[in-house]
Amino acid sequence: MDLLDNVLRRRQTEDEMKKSGRLPPGQSLTHKFPVLTYGPIPKFDPETWDFRVFGEVEKEMSWNWEAFQKLPTVTVTVDIHCVTRWSKFDTTWTGVPFKHIAELVGMKDTTKHIIAHCDYGYTTNVPVEDMMRDDVLLAYMYDGKPLEPEHGAPVRTLVPHLYFWKSAKFLRALEFSPVDKPGFWEQGGYHNYGDPFKEQRYNRRGFF
Ligand SMILES: Nc1nc2c(c(=O)[nH]1)N[C@H]1C(S)=C(S)[C@@H](COP(=O)(O)O)O[C@H]1N2
Ligand SMILES: [Mo]
């Protein structure tokens, strides 16, 4: 098959996908897995790594790498959508469901937003009801293998129904917050919620 053939075929599938409602407006399909990281990729040390939950919970908790891996996991296959206009279908992730963590720490009714905190200070905010969906994970495997460093090792959040900047790589803590705290890209001008099907890409007030 020659290149032109390939391009035409892809365009046709994208059109079909848009009509069927699976590919959000303004997005193109990719079969690669692009990497988007602001700043350096942290070095993972399993001896010192920890993951912490704090804020509006009955019991603040933390796990080291060994304990974290003993938490129950699920595997989901989902589509992901990056604000830079690529979407990737049928990506398979394994990790701890957020709602399991919420149960363990005794999430209080006063929790309205979940703020992910990552190595080097990256943060992102998601409404708590979005985090409670079955396919929202603290993911540490992609396609049955440990997450690659550039894709967020050892653990990232996976919030597949929102633009992919809401899926925080190099996760170190989740803050259960009564108030919203726009994160790194949200303060920089990205939309505060980021629904790809409504094309909620940017917000006019940003500092970038
Ligand atoms: N800690 C951290 N998480 C992050 C980012 C980042 O720069 N730092 N980039 C976000 C953006 S903008 C996107 S599109 C996705 C990219 O994930 P990927 O590199 O695995 O494709 O990660 C998100 N999570
Ligand atoms: Mo992104």
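## The largest pocket and its occupant

In this predicted model, the largest pocket is the space that ligand 1 takes up. That pocket holds about 460 Å³ of space, and its lining is made up of 27 residues, among which Leu-36, Thr-37, Tyr-38, Tyr-122 and Trp-185 are found nearest the centre.

Sorted by class, the residues lining the largest pocket comprise 19 nonpolar, five polar and three charged ones.

## The shell around ligand 1

Around ligand 1 there are 20 residues, and those that come nearest are Pro-34, Tyr-38, His-151, Arg-156 and Lys-169. Tyr-38 thus appears in two lists, being named among the residues nearest the ligand and also among those nearest the centre of the largest pocket. By class, this shell consists of 14 nonpolar, three polar and three charged residues.

## Polar contacts and coverage

Oxygen atoms of ligand 1 are approached by both side-chain and backbone atoms of the protein. For Lys-169, a polar side-chain atom is placed 2.6 Å from an oxygen atom of the ligand, while for Arg-156 a polar side-chain atom is placed 2.8 Å from a ligand oxygen atom. Pro-34 takes part through its backbone instead, with an N or O atom of the main chain lying 2.7 Å from an oxygen atom of ligand 1. On its own, ligand 1 has 530 Å² of accessible area, and the protein covers 98% of that area.

## Backbone features

Two local features of the backbone can be examined in the model. The peptide bond that joins Ala-153 and Pro-154 is cis, with omega at about 0°, and Pro-154 belongs to the loop that runs between strand 9 (145-146) and strand 10 (156-158). Arg-156, whose side chain has a polar atom 2.8 Å from a ligand oxygen atom, carries the number at which strand 10 begins.

The other feature concerns Asp-90, which is not a glycine and yet has a positive phi of about 55°; Asp-90 is part of strand 5, which spans residues 86-97.

Key:
Residues are numbered from 1 along each chain as its sequence is written. Chains are lettered from A and ligands numbered from 1 in the order in which they are written. This is a predicted model: local features need pLDDT of at least 70, side-chain atom pairs count only at pLDDT 80 or more; totals for chains, interfaces and linings use all residues. Side-chain values use heavy atoms; hydrogens and water are left out. A residue is near a molecule or strand if one of its heavy atoms lies within 4 Å of it. A polar contact is a pair of N or O atoms within 3.5 Å; within protein, one must be able to donate a hydrogen and the other to accept it, and residues adjacent in sequence count only if both atoms are side-chain atoms. Accessible areas come from the Shrake-Rupley method with a 1.4 Å probe; for residues, only the protein chains shown count as cover. On a 1 Å grid over the protein atoms alone, a cavity is a set of points where a 1.4 Å probe fits but cannot get out, and a pocket is an open set with protein on both sides within 12 Å along at least five of seven lines; lining residues have an atom within 4 Å of a point. A molecule sits in a cavity or pocket if more than half of its atoms lie within 2 Å of its grid points. Ala, Val, Leu, Ile, Met, Phe, Trp, Tyr, Cys and Pro count as nonpolar, Asp, Glu, Lys and Arg as charged, and the others, Gly among them, as polar. Grid points are joined across faces, edges and corners, and a volume is the space filled by probe spheres set on the points. Helices (H or I, at least four residues) and strands (E, at least two) are DSSP runs, numbered from the N terminus.
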